[in-house]
Amino acid sequence: AVVSTQSTRENYEGEEFQNGCFRVSTGLDSITKDTCADQGYWLGDPDIQRFTVIDTPGFGDKLVEEEKTIENLVTTLRDQIKYVHVFIIAFKQTDNRMTNSLRSMISLFEKMFGTKFWDNAILEATHWNHGLDSERIRQASQPPLTEKFWTDEFNRILRTEYNVKKDLKSIFIDTYYHHESEHETEVFTNNSQELLDFALSREAFQCKDIEIALTEIRQLQNSL
């Protein structure tokens with residue numbers, strides 16, 4: 001996902017946005033085929049920052065075969081969003097490697113924005129329940145699956161595969177947290193605030209020149 005704090009509906013709290021963004025598939029295929037942007041107040045609070053969040057499409061294994069999907073992403077960012085503050089690289093708690101789809105997305109962002117986009121990137125662990133039973137199960141694994149261990153592992157992968165020079169920060173937002181649990185509510189609020197603070201601290205990328213990505217992808221396609 002991509003977040004812009006520029007104002008260009010619903011809140012980011014596990015609920016479906018009014019434009020139908022962030023729907024979850026129960027099958028194996030990604031449900032997001034088009035770039036989907038929506039706006040709202042942070043955590044639904046009109047006294048806090050208004051933001052735009054972009055649900056980026058899921059790619060297949062071969063980036064050069066996804067030209068229409070890529071073109072939709074490029075034109076949405078360039079002509080509608082115009083500025084990007086944060087690139088959220090999301091992994092499931094149970095993931096221990098990168099999928100080809102995610103590799104394609106990261107490679108595309110490097111083509112669009114250059115390697116400096118890593119300065120605006122943050123890791124997010126999804127499906128990370130903060131309840132006591134889930135925490136007990138993670139601690140019982142070998143080695144224990146702590147937030148630090150998870151973050152270190154994915155930073156190691158990024159250094160190996162993309163030569164990323166510095167470790168990325170991480171957030172652990174459980175959008176389906178138990179609202180009656182004081183602990184889970186506090187963890188959700190704190191992690192959400194960390195994401196907002198990170199977004200506000202970043203210098204925004206301008207998206208006006210990112211058509212270079214399409215040019216490079218077409219050249220690659222023609223060479224195959």
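Let me start with Lys-92, which stands opposite Thr-126 in β6, in a model that is predicted rather than determined. Strand β5 (residues 86–92) and β6 (121–126) pair in the parallel sense over 6 bridges, where strands are DSSP runs of E of at least two residues, helices are runs of H or I of at least four residues, both numbered from the N terminus, and two strands count as paired if DSSP finds at least two bridges between them.

On the numbering and the filters, residues are counted from 1 along each chain as its sequence is written, and side-chain values use heavy atoms, with hydrogens and water left out. Because this is a predicted model, local features need pLDDT of at least 70 and side-chain atom pairs count only at pLDDT 80 or more, while totals for chains, interfaces and linings use all residues.

β6 also pairs with strand β7 (residues 170–171), again in the parallel sense, over 2 bridges, and there Leu-123 stands opposite Ser-170 in β7. Of the 6 residues of β6, 5 are buried, so the strand is largely enclosed by the rest of the structure; buried means under 20% relative accessible area, exposed over 50%, and partly exposed in between, with a 1.4 Å probe and protein chains only.

Just ahead of this strand, Asn-120 lies in the loop between α2 (100–113) and β6. What does the side chain of Asn-120 meet at 2.8 Å? A polar atom of that side chain lies 2.8 Å from the backbone oxygen of His-85. Asn-120 is itself buried, with a relative accessible area of 5%, and, leaving aside neighbours within four places in sequence, the residues in contact with Asn-120 (heavy atoms within 4.5 Å) include Val-84, Phe-198 and Arg-202.

Turning to the interior, the largest nonpolar core has 36 residues, and those with the most contacts inside it are Phe-113 and Trp-118; such a core is a set of buried Ala, Val, Leu, Ile, Met, Phe, Trp, Tyr and Cys residues joined through side-chain atoms within 4.5 Å. The largest share of this core, 7 residues, comes from α2. A second, separate core of 14 residues includes Val-53, Val-86, Ile-171 and Leu-196.

Finally, confidence: the mean pLDDT of the protein chain, pLDDT being the predictor's confidence in each residue from 0 to 100, is 78, and 74% of its residues reach 70 or more. Confidence is highest in β7, at a mean of 96, and lowest in strand β1 (residues 2–4), at 55.

Conventions. Polar contact = N/O pair within 3.5 Å; in protein donor to acceptor, adjacent residues only side chain to side chain.
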